[in-house]
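Colleague: I'm new to reading protein models. Could you walk me through one, feature by feature?

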Amino acid sequence: MILDIKQYVSEKIKNALRSLGIHEPAVILERPKDPLHGDISCNAAMMYAKKLGRNPKEFAQSILEQLALPDEFITKASIAGPGFINLFIADKYYTEKLTEINELKGNFGRLNDNSGKTADIEWVSANPTGELHTGHGRQTALGKAIANLLEWTGYKVTREYYYNNAGKQMENLAKSVYARYRQLFEPDYPFPEDGYAGDYVKEIAAILAKEHDDKLIDADDKIFREAGENWCFKSIRHTLDSFGIHHDIFFNESTLYETGKITETLEEFKKRGLSYEKDGAIWLKTSELLKNKKDAADKVIVKATGEPTYRLPDMAYHIDKLKRGYDLIIDIFGADHGDTYKEVLAGIEGLGYDSSKIKVIIHQMVTFVQDGKPVKMSKRADNVYTLDDLIEDIGADVTQFFFVMRSANTHLEFDIALAREQSDKNPVFYLQYAHARICSILRNAAEIFPDYSSAGSINYSLLDTPEAISLIKVLVLFPETVAAAAATLEPHKIITYLNEAAENYHRFYHNNRVIDAEAKELSFARLKLCEAARIVLKNGFDIIGISAPERM
RNA sequence: GCGCCCAUAGCUCAAUCGGAUAGAGCGACAGCCUUCUAAGCUGUAGGUUUCAGGUUCGAUUCCUGAUGGGCGUACCA
């Protein structure tokens with residue numbers, strides 16, 4: 001018996017509504033918060049009673065009569081509150097679901113809602129002008145989890161990094177490297193006022209000095225730019241690597257120039273009368289293109305110097321991504337980019353492209369706190385606390401978890417002291433501990449019951465304690481949790497769910513002795529439940545991007 | 001000024017498409033280890049969901065306004 005209980009119930013209620021005169025009934029099913037309200041509740045009576053001029057509770061009764069309960073899967077039904085229909089599902093349904101979990105293992109929770117579709121997610125995309133710092137952490141972690149989440153719903157996912165090694169910022173890096181290099185020979189040589197102050201620039205300069213001594217003092221900017229770029233990019237990739245992130249594509253902005261896509265886009269704007277010249281620059285009529293026209297000013301897309309501003313290549317880039325034919329395109333930015341992406345989307349829409357496939361995730365800023373006080377971890381200071389430092393300090397799992405545990409559109413307070421804590425206070429360990437605990441039991445079981453792994457049929461009906469039933473009910477919800485999290489691109493929903501799963505497991509463990517040499521049949525059933533719990537936790541960890549330790 | 005985001009327990013945050021008695025963790029207090037991992041479990045205390053209206057059978061959720069905070073408002077990205 002493998003069936004989707006929600007679909008079963010939904011169809012049944014729809015039929016009941018049809019026979020009561022509702023032509024195209026929409027049925028919304030929910031899981032009540034209170035277990036006393038059953039396993040599934042339906043608000044159809046309240047939704048339709050008014051249209052029919054009937055009392056909701058009385059109408060609920062009519063629906064109930066049409067349902068002909070109890071049946072094989074629904075053991076009990078009741079009407080409660082203002083007119084909810086509450087249904088109680090047979091334990092048998094849940095216990096047999098365990099078989100499904102244990103068979104699917106690492107695939108339990110994988111959906112095929114989007115199989116055959118492709119998605120592209122572009123994130124991090126920091127310019128190679130420095131190391132990744134803690135401010136990059138949130139989007140780095142979010143992108144990692146969201147990419148996983150999309151894969152779990154069936155998408156074939158391309159992970160992409162937009163790489164910009166041209167422009168003013170890079171020149172600035174070149175000048176900064178040059179100044180540091182020259183200072184090695186002339187300590188009084190001035191450092192550019194807005195140069196990159198980080199120590200890493202000195203490190204780059206030192207490498208150049210070691211290789212070339214002072215022979216580069218009159219050398220072209222290019223050599224300093226390249227040295228800087230290479231060093232920074234290597235550093236960024238190293239950080240991503242230690243975070244377990246691997247991009248499939250590093251899309252170099254310069255290719256947009258080389259292939260003529262920038263000029264092409266610009267010409268198209270001109271042709272459509274969406275741009276004009278003023279003060280030597282080319283302006284885009286963003287005030288007309290933006291949907292929210294209030295106070296929207298036109299923006300420069302080509303500076304008086306002839307160089308495009310970031311907007312133009314960004315638009316050409318998104319057009320390129322659209323043309324690649326993905327079903328879904330995701331960008332992740334911090335709140336400081338909140339306005340600019342709208343200009344980019346408005347621009348490409350102005351050129352006739354459909355931007356509805358592009359979903360932009362804007363996450364709010366992160367404050368690092370220690371002992372209740374904000375801690376500065378900015379890039380401006382000479383001694384920078386990098387993302388690498390953070391990972392080294394608290395570990396990749398904790399870093400990933402803390403950045404992903406809150407909804408992206410709310411400000412994140414990152415408690416660095418709590419994150420450092422290798423104890424029960426740390427919410428990551430609560431989850432991982434549950435996993436390690438299960439692994440330990442399974443190891444013990446292998447010794448005590450050598451025949452467990454080859455056991456034939458399992459008597460799941462022995463899983464009849466409230467804790468066991470409650471745990472199973474939570475485990476069964478994993479696939480729909482994945483669907484819900486993916487639908488809104490919110491991986492924190494997985495964490496909220498995993499907390500509930502872990503909590504239920506710990507309670508089960510505490511009240512139900514798993515291994516009992518005197519009660520083999522019961523032990524086997526409970527071990528199967530443990531395995532299922534382990535699978536769900538592990539799969540959830542895979543999505544949010546943390547490890548599943550077997551020992552702690 | 002204008003735009004976007006946010007406001008929920010002492011603190012950090014959840015809350016299913018608008019659902020029933022708003023939930024966790026931390027902190028506080030009180031219990032549970034001669035049994036499979038106590039990084040665990042159990043209990044107590046803690047709320048006018050910032051405020052004022054509106055829509056609805058029903059609002060933390062949607063709408064309007066106010067207040068407070070974050071981020072933008074570049075010929076930087």
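Modeller: Sure, let's start with Glu307: at a relative accessible area of 34%, Glu307 is partly exposed. Buried means under 20% relative accessible area, exposed over 50%, and partly exposed in between (1.4 Å probe, protein chains only). Keep in mind that this is a predicted model, where local features need pLDDT of at least 70 and side-chain atom pairs count only at pLDDT 80 or more, while totals for chains, interfaces and linings use all residues. Residues are numbered from 1 along each chain as its sequence is written, chains are lettered from A and ligands numbered from 1 in the order in which they are written, and side-chain values use heavy atoms, leaving out hydrogens and water.

Colleague: Where is Glu307 found?

Modeller: Glu307 sits in the loop between strand E10 (299-302) and helix H12 (311-323). Those labels are DSSP runs numbered from the N terminus: helices (H or I) have at least four residues and strands (E) at least two. On the surface, Glu307 joins Glu171, Asp220 and Asp221 in a patch of negative charge. Patch members have over 30% relative accessible area and no salt bridge, with like charges joined within 9 Å and nonpolar side chains (Val, Leu, Ile, Met, Phe, Trp, Tyr) within 5 Å.

Colleague: Let me zoom out. How many helices and strands does chain A have?

Modeller: Chain A has 21 helices and 15 strands. Its C-alpha trace spans about 85 × 60 × 45 Å along the principal axes, and 52% of its 552 residues count as buried.

Colleague: What does burial look like for helix H13?

Modeller: H13 covers residues 340-350, and eight of its 11 residues are buried, so the helix is largely enclosed by the rest of the structure. Among the buried ones are Tyr341, Val344, Leu345 and Ile348. After H13 comes Gly352, with a positive phi near 95 degrees. A loop residue can be buried too: Pro491, between helix H19 (478-488) and helix H20 (492-511), counts as buried at 3% relative accessibility.

Colleague: Now strands. What holds them together?

Modeller: In general, strands of a sheet pair through backbone hydrogen bonds, either parallel or antiparallel. Two strands count as paired if DSSP finds at least two bridges between them. Here, one open sheet has four strands in the order E1-E2-E4-E3, paired antiparallel. Strand E1 (29-30) and E3 stand at the edges with a single partner strand each, so one side of each has no neighbour in the sheet.

Colleague: How many bridges join strand E3 to strand E4?

Modeller: Six bridges join E3 (residues 74-80) to E4 (residues 84-89), and Lys76 stands opposite Phe88 in E4. The two strands form a hairpin with three residues between them, and Gly81 in the turn has a positive phi of about 60 degrees. At the other end, E1 and strand E2 (residues 40-42) share two bridges, where Glu30 is partnered by Ser41.

Colleague: Which strands pair in the parallel sense?

Modeller: Strand E13 (residues 366-370) and strand E15 (residues 412-415) do, over four bridges; Val369 has Asp415 as its bridge partner. E13 also runs antiparallel to strand E14 (residues 373-375), joined by three bridges. E13 and E14 make a hairpin with two residues between them, and Asp371 in that turn has a positive phi of about 50 degrees.

Colleague: Last topic: how many salt bridges does the structure hold?

Modeller: There are 28, each being a side-chain nitrogen of Lys or Arg within 4 Å of a carboxyl oxygen of Asp or Glu. Take Lys97 and Glu100, whose side chains meet at 3.0 Å, N to O. They are three residues apart in helix H4, about one helical turn, and both are buried.

Colleague: What about pairs that are further along the sequence?

Modeller: Try Glu160 and Arg324, which meet in a salt bridge at 2.8 Å, N to O. Glu160 lies in strand E6 (residues 156-163) and Arg324 in the loop between H12 and strand E11 (328-334), so the pair ties together parts 164 residues apart in sequence. Glu160 is buried, at 0% relative accessible area, whereas Arg324 is partly exposed at 30%. Both belong to a network of salt bridges that also links Asp120, Lys261 and Asp320.

Note on methods: Accessible areas come from the Shrake-Rupley method with a 1.4 Å probe; for residues, only the protein chains shown count as cover. Lys and Arg count as positive and Asp and Glu as negative; His and the chain ends are not counted. The place of a charge is taken as NZ of Lys, CZ of Arg, CG of Asp or CD of Glu.
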